[in-house]
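Morning, everyone. Let's go straight to the ligand site and the pockets.

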Amino acid sequence: MTDIAQLEQDTLRQINEAADEAALESVRLAALGKKGAISALLATLGKMSPEERKTEGAKINALKDKATEALAARREALAEAALEARLKAETLDVTLPAAASPQERGRIHPISQVMDELSVIFADMGFAVAEGPDIESDDYNFTRLNFPEGHPAREMQDTFFLSPEAGEKKLLRTHTSPVQVRTMLGQKPPIRVICPGRVYRCDFDQTHTPMFHQIEGLVIDQSTHMGHLKWVLEEFLKSFFEVKGVKLRMRPSFFPFTEPSMEVDVQCRRQGGEIRFGEGEDWMEILGCGMVHPNVLRNCGHDPDVYQGFAFGVGIDRLAMLKYGMSDLRAFFDADTRWLEHYGFRPLDFPTLAGGLSG
Ligand code: PHE
């Protein structure tokens, strides 16, 4: 075997036996480096006669090309094997929970969630959101809503009065109805608003806290009647409880600011401590409503011979308890993060009618 053939055999074997990048690099240096065997052969070309150079040169260059190619192929094979080994070693458990981002870790309180759900439902029916202050005047909370001074109806709501300042009687609003007054005083009909917010009454047990939440609805124009009221309430309760339909029952009641006034019961089924809406033979009282009293319209600057409409009021906390199954209202306001972790909502799942209210 010629020297060249021998060198070729040895070099290719060494290349193929190189176990890693580093070993391959030393083989390359030994063959093609400055002092490498193939480089040394190439250097001999200068001293050869032209004929010899012709035959030997071709052989030596062919050897150099073969070695270069074999090196590249081996390098690629080693890289592939290394990747293969890494993939085998680094198995990824896709069932492990991903670390939540800070926005994902926070929780939306069920009261805020229900307010958002109600805003979405009523916005779809053309209602705007109106707000008012928690500290109200006696005038807006009672007098303009047709509670005469000294009338026993004022005793229905266990009011927190503030010590009178400069003769004006102030209180913590006992209901969201004063926002009706504010809206009617500031807006011309047609009026279509919902008024969600905090209200206060001196009461404390499993289903009552001194601060709680109501949402008021008010519609005023020239021809709104009880049929509209019933439809709006049906739509609202059906959407809120996310059922196909609900039956409602209206019972006569009394509120100073509506005439006639009604309590509304919603169809439900009670099953071993659980309540389902939109089915069953039972009824549950859910809200108060009625046609806005002519005196209230007059007190708020509208002619009752021209305008009429309806109002309703619902407890937001109670809606949240009924929909999401909490049994004690007091826990809503304890600021216990474990409770919030359990009953709270993910902040990036904003309720929509199309995507589902409760996600
Ligand atoms: N404001 C009433 C309450 O808190 C509820 C209500 C509102 C009733 C609007 C009728 C119409 O008791």
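I'll take the ligand first, then the pocket that holds it.

A word on the basis: this is a predicted model, where local features need pLDDT of at least 70, side-chain atom pairs count only at pLDDT 80 or more, and totals for chains, interfaces and linings use all residues. Numbering starts from 1 along each chain as its sequence is written, and side-chain values use heavy atoms, with hydrogens and water left out.

So, which residues come nearest to the ligand? His 175, Ser 177, Arg 201, Gln 214 and Glu 216, out of 13 around the ligand. Near means a heavy atom within 4 Å.

Now the polar contacts, pairs of N or O atoms within 3.5 Å. The side chain of His 175 puts a polar atom 3.0 Å from a ligand nitrogen. For Ser 177, a side-chain N or O atom is 2.9 Å from a ligand nitrogen. Arg 201 has a polar side-chain atom 2.9 Å from a ligand oxygen.

How much is covered? Alone, the ligand exposes 320 Å², and the protein buries 92% of that. Those areas are Shrake-Rupley, with a 1.4 Å probe.

The ligand sits in the largest pocket. Sitting there means more than half of its atoms lie within 2 Å of the pocket's grid points. A pocket is an open set of points on a 1 Å grid over the protein atoms alone, where a 1.4 Å probe fits, with protein on both sides within 12 Å along at least five of seven lines; lining residues have an atom within 4 Å of a point.

The largest pocket holds about 1,100 Å³ of space. Among its 38 lining residues, Phe 212, Gln 214, Glu 285, Gly 315 and Arg 318 are closest to the centre.

Technical notes: Polar contact = N/O pair within 3.5 Å; in protein donor to acceptor, adjacent residues only side chain to side chain. Points joined across faces, edges and corners; volume = space filled by probe spheres on them.
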